[in-house]
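The following exercises concern the architecture of a two-chain structure. Each task is followed by a worked solution that proceeds step by step.

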Amino acid sequence: MTSPGDATPVKPPPSFSPGIARVASKSPSRYPGEHETTQSLDAELTGSHTVSPPTPLSATVAELPIRSSSSHSRSERSSTGQLARSSIGSPFDGRADGSEDIRSSIIRSFSPTIAVHASEDTDDLVRNKGFKGGFWELIRPFGETVSGKVVIRDSIGSSRAWEDYGVRFINFKGIGKAPAGQDSGPLAQIEEVLSKQLNSSGDTLGGTVRTKDVLGFPATTPLCKSFLQQLLSSTPAAPHETFGHPVANVIAISSRNPSPLETLRQLYADGATGDQHLPTWINQEYLRYYVLIHDEERDDITESTKLYDQMKRHFGLHCHLLRLRSSQCVVTDDDSMQVPQCEWLSPSEHLSGAGEAEALVDLGTDGTPYLFGSDATGIRAFIRELVVQSVIPFMENKVAIWNDQVASKRRGISGKFMSMSRRWAGFGSSSRSSIGGSAGGSGNYDPTQHFYSPDSPEAILRKMADFSFMLRDWKLASSTYDMIRSDFGNDKAWKYHAGAHEMCAVSMLLNPLATSAKIKLDSVDQMFETACYSYLTRCSDAPHALRCLSLAVELLKSRGGSATESAAKWAMRVMDFGLVGSVGQILYTERVAACYASKTPGGAAKWGGRRRKAGMWSMLAADQWLKAGQPTLASACLEEAERLYADVLQADGVFPMPEMQSFVENLRHAVKVEYLEARGFDARDEPPAEDSTAPEETSEKLDKRHHRRSLVGLPVQLDTGALNTTQEPRDPDGPSNDDFERA
Amino acid sequence: MAAASKATSFNSSTAHLGLNNHFRLKMSYYFTILSPTDTPLFNIAFGTSKGGGDGIARFRFPETAQYMNQFIIHSSLDILEEAQWTNGGMYLKHIDTYPPAAAYITAFLTPSGARFLLLHQPPHLPSSTSTGSGLGSSSLLGSAGSTTRASSSSIAANPTSPQTEEAVRQFMNEVYESYVKTAMNPFYRQGMEIKSPVFRSRVTAAGKKWL
């Protein structure tokens with residue numbers, strides 16, 4: 001019942017990630033509870049995580065003698081070999097997986113926001129079912145993936161179906177208010193969550209759980225994906241971008257309510273005025289959707305239907321009758337199912353325990369709530385209807401209207417002239433009043449409060465661009481962002497300026513029609529540069545700057561070709577700016593390696609690859625993981641580095657440069673020692689097994705591996721390593737330094 | 001890759017740009033000759049002798065410089081392999097940058113397949129008193145970097161300026177001449193490490209003269 005196999009049908013994987021990526025697309029923090037040893041990781045690597053484990057397990061057992069015979073870094077190596085073999089079944093899917101997976105999660109992170117505003121009686125009903133957060137918490141996980149295909153029509157009129165469409169439900173009461181009790185910024189929180197994940201999961205989370213494409217490049221580590229997801233969901237609603245603003249407001253009452261229509265009116269009024277009204281920078285023209293929740297166990301369905309008909313008469317088509325059972329569901333009930341986990345948790349939610357890590361520890365007691373299957377079906381149908389029949393048409397309609405009324409004015413020749421003359425007029429007068437502030441601007445920007453009023457053309461255009469972005473019409477989005485980005489600069493609305501530049505570049509990169517030849521990478525780079533400068537220097541908004549740069553890294557990397565180099569450059573820039581903490585630094589070191597590794601040599605010529613660079617960064621990442629006390633991750637990186645270097649080194653796998661060689665040897669040794677130390681008993685158990693299988697192994701590995709030298713020298717090293725672990729713990733950077741003075 | 005990296009922390013750097021231009025930068029250099037199989041034939045680390053420099057290399061991260069310099073040079077071979085086909089000359093100029101250490105790589109090809117690689121690194125600026133760096137915030141400003149470059153006349157201040165490229169060209173040419181003569185030594189076979197003290201002293205002299 002509690003196995004993830006039950007949970008998967010609930011959360012279909014994104015359309016982009018078939019096969020192996022399915023494993024990686026699961027929330028990484030599910031691993032620790034389920035897997036105690038690294039051995040079982042192989043079971044996951046073989047992709048049958050969601051199915052019955054026997055087959056991969058036996059494969060692992062068969063592999064065991066070889067694995068245990070070697071040091072850890074070599075056992076990693078063999079696991080890679082195994083993976084390469086096992087993933088051959090789906091070579092081309094595999095190739096697309098890694099970057100497509102990241103791309104898909106970036107796309108899904110910019111999904112429409114729907115506020116949920118439920119009456120007290122509704123929340124009471126849902127709380128009885130075991131959801132403390134009320135109705136919002138109940139439907140939130142289901143919104144992340146709308147079941148079935150969602151067809152969206154773009155501005156030209158062509159439709160496209162998306163399988164991985166989702167919406168984000170937020171609590172109406174929380175919009176525009178900073179999360180309470182936050183003493184540290186989101187970046188510090190992300191860092192904290194990361195180190196928590198690292199520590200809690202120890203080495204089971206280990207870097208071995210990687211998606212790899214056919215060439216074996218690491219696409220993403222779970223940690224890295226988790227980092228990105230947290231980063232993308234950490235930004236609260238802000239004036240300068242409308243992704244966090246509600247597109248629709250779901251107003252819910254239950255059948256228990258004595259005066260339903262009155263309550264609905266009250267809830268509606270709350271949105272407009274009332275003490276819970278939204279910040280003034282949010283456009284009030286959002287869709288209102290009315291939901292009546294019928295309590296299946298206490299109330300009469302005929303009554304509810306009558307009320308529902310009445311609602312439909314009053315409010316039109318945007319209504320839904322949701323039938324739920326009011327009693328709490330427990331595991332043992334028939335038809336019970338686990339509520340899917342939220343994929344998009346902000347770092348503060350991770351920290352406050354909404355995350356699943358703790359729940360998994362005492363799994364089965366009360367950690368994850370359960371739900372009746374009928375309820376889940378009802379909620380899913382409700383969300384589908386809400387999205388497909390109301391939200392999407394509403395957004396399409398809005399985009400079309402704004403495109404007609406606001407954007408076309410700007411596009412035409414007169415519009416260009418208007419904005420130009422305005423600029424010149426502003427320029428003329430700015431000589432006198434430039435110190436005053438908003439000279440040369442349109443005057444719609446309020447420089448004291450730092451936002452445009454929501455009905456000004458600038459704000460509407462930004463909203464239109466965001467809408468078309470969320471509708472995945474990147475072409476329209478990028479042209480709209482492009483149109484308005486300089487306006488914000490003229491108005492000195494720096495956050496808007498940064499946001500428009502950022503999203504313009506992102507939508508250009510996401511637009512599948514613009515091939516890498518057509519799109520000018522220079523201009524994209526320039527836009528990221530500007531966005532980043534505006535965010536950081538002008539607004540000192542580090543979270544947004546980091547988001548911008550991370551998007552730049554991931555999207556440029558997924559472009560491939562020469563774009564990967566600028567991706568690597570941006571990743572280095574992130575580290576350079578100090579936007580990330582110590583764990584983040586290592587993650588970005590890994591990203592740089594991954595960026596370089598994904599640049600493959602063009603054509604028949606051997607040159608054009610960046611294997612040496614990738615290898616170097618992997619080595620550095622290994623070094624840093626080791627220093628951070630994560631030998632498992634270090635050995636994964638080391639393994640990666642050796643694989644990357646394999647092509648460029650001579651057949652003996654020895655680095656031509658003496659000091660590099662000694663550094664690498666020391667690193668290998670230190671990783672091995674630390675790793676064995678970390679799992680003390682293993683260190684003593686392993687040596688005996690090794691002698692029996694060692695010859696067999698060397699003969700097996702000779703073909704492709706270039707580490708013959710380390711293989712031969714290994715038994716001795718391993719013994720000393722094992723001894724060392726029991727006696728003196730070694731300083732991770734000690735050995736490397738010692739030897740360098742000698743060398 | 002051409003964008004220069006930055007030296008100081010992001011926020012403090014812009015304020016000090018343009019100050020202390022008289023402050024001489026002591027560049028550190030690491031020069032390597034690589035055989036066609038990437039084996040190092042010759043290594044030398046030295047510092048600038050111009051403007052009162054004492055000719056001793058002071059790398060930014062002295063504790064890791066030993067192997068990092070080699071890593072950086074080794075990784076730049078990726079770029080070198082590409083550049084040697086796209087660039088017509090023997091002197092390939094500045095080919096690669098390693099931003100975290102602000103290390104710049106310049107390369108020179110020889111007919112025998114040996115490559116000369118010069119890593120140059122402006123010094124780490126310890127505090128706000130010495131921020132005359134032309135690198136200050138150019139990584140962020142991008143195009144604006146060129147304006148800050150002009151402020152410093154010292155070749156060492158900016159590893160990608162034409163003056164520096166020219167100086168390195170002279171250095172490379174001079175080393176090349178010595179290298180050819182060393183390679184013509186009857187006791188020298190190709191691919192052997194160059195141990196000749198004469199060659200070493202000539203390289204040192206060339207470094208003193210040009211860099």
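**Exercise 1. Describe the overall make-up of chain A and chain B.**

Step 1. Chain A holds 31 helices and eleven strands. The model under study is a predicted one.

Step 2. Of the 743 residues in chain A, 52% are buried. Among the contacts of chain A with a separation of 6 or more, 75% join residues 24 or more positions apart.

Step 3. Chain B has six helices and five strands, and their order from the N terminus is α-β-β-α-β-β-β-α-α-α-α.

Step 4. In chain B, 49% of the 211 residues are buried. Residues 24 or more positions apart supply 63% of the contacts in chain B with a separation of 6 or more.

**Exercise 2. Determine the strand order of the parallel five-stranded sheet in chain A, and explain which strands stand at its edges.**

Step 1. The sheet is open, its five strands pair in parallel, and their order in chain A is β4-β1-β5-β6-β7.

Step 2. Strands β4 (168-171) and β7 (319-324) of chain A each have a single partner strand, so one side of each is left without a neighbour in the sheet. From one strand to the next, the twist averages 30 degrees.

Step 3. The pairings can now be followed across the sheet. Six bridges connect β1 (residues 113-118) of chain A with β5 (residues 246-254) of chain A in the parallel sense; here A:H117 has A:I251 of β5(A) as its bridge partner.

Step 4. Between β5(A) and β6(A) there are seven bridges, again in the parallel sense. A:I251 has A:Y290 of β6(A) as its bridge partner.

Step 5. β6(A) and β7(A) run parallel and are joined by six bridges, with A:V291 opposite A:H320 in β7(A).

Step 6. Why is β6(A) described as largely enclosed by the rest of the structure? Eight of its nine residues are buried, and the description follows from this count.

**Exercise 3. Identify two helices that contact this sheet, and give their directions relative to β5(A).**

Step 1. Helix α8 (residues 120-128) of chain A packs on the sheet and touches β1, β5 and β6 (287-295) of chain A. The direction of α8 makes about 80 degrees with that of β5(A).

Step 2. Helix α12 (residues 260-272) of chain A lies across β1, β5 and β6 of chain A. The angle between α12 and β5(A) is about 155 degrees.

**Exercise 4. Work out the layout of the sheet in chain B and the helices packed on it.**

Step 1. Chain B contains an open sheet of five strands with antiparallel pairing, in the order β2-β1-β5-β4-β3.

Step 2. β2 (40-47) and β3 (91-98) of chain B are the edge strands, pairing on one side only. The twist averages 20 degrees from one strand to the next.

Step 3. β1 (residues 28-34) of chain B pairs with β2(B) in the antiparallel sense over seven bridges. Across this pairing, B:T32 stands opposite B:N43 in β2(B).

Step 4. Helix α2 (residues 62-86) of chain B packs on the sheet by touching β1, β3, β4 (103-109) and β5 (115-121) of chain B, and its direction makes about 130 degrees with that of β3(B).

Step 5. Helix α6 (residues 197-210) of chain B also packs on the sheet, where it touches β1 and β2 of chain B; its direction makes about 40 degrees with that of β2(B).

**Exercise 5. Characterise the contact between the chains from the side of chain A.**

Step 1. Chain A contributes 27 residues to the contact and chain B contributes 25 residues.

Step 2. On the side of chain A that touches chain B, the elements giving two or more residues are α21 (521-538), α23 (563-577), α25 (611-627), α27 (658-678) and α31 (734-742) of chain A. The largest share, seven residues, comes from α23(A).

Step 3. By class, this side of chain A comprises twelve nonpolar, five polar and ten charged residues.

**Exercise 6. Locate the largest nonpolar core relative to the domains of chain A.**

Step 1. The largest nonpolar core has 211 residues, of which A:V116, A:V391, A:A571 and A:A622 touch the most other members.

Step 2. Domain 2 (113-195 + 217-398) and domain 3 (649-743) of chain A both give residues to this core, so the core lies between them.

Step 3. A second, separate core has seven residues, including A:M337 and A:F372.

Definitions and conventions:
Residues are numbered from 1 along each chain as its sequence is written. Chains are lettered from A and ligands numbered from 1 in the order in which they are written. This is a predicted model: local features need pLDDT of at least 70, side-chain atom pairs count only at pLDDT 80 or more; totals for chains, interfaces and linings use all residues. Helices (H or I, at least four residues) and strands (E, at least two) are DSSP runs, numbered from the N terminus. A residue is buried if 20 or more other C-beta atoms lie within 10 Å of its own, exposed if 12 or fewer, and partly exposed in between; C-beta atoms are placed from the backbone. Two residues are in contact if their C-beta atoms, placed from the backbone, lie within 7 Å. Two strands pair if DSSP finds at least two bridges between them. Axes are lines fitted to C-alpha atoms, for helices over the stretch in contact, and angles run from 0 to 180 degrees between N-to-C directions. Ala, Val, Leu, Ile, Met, Phe, Trp, Tyr, Cys and Pro count as nonpolar, Asp, Glu, Lys and Arg as charged, and the others, Gly among them, as polar. A nonpolar core is a set of buried Ala, Val, Leu, Ile, Met, Phe, Trp, Tyr and Cys residues joined through C-beta atoms within 7 Å. Domain bounds come from an automatic or database domain assignment.
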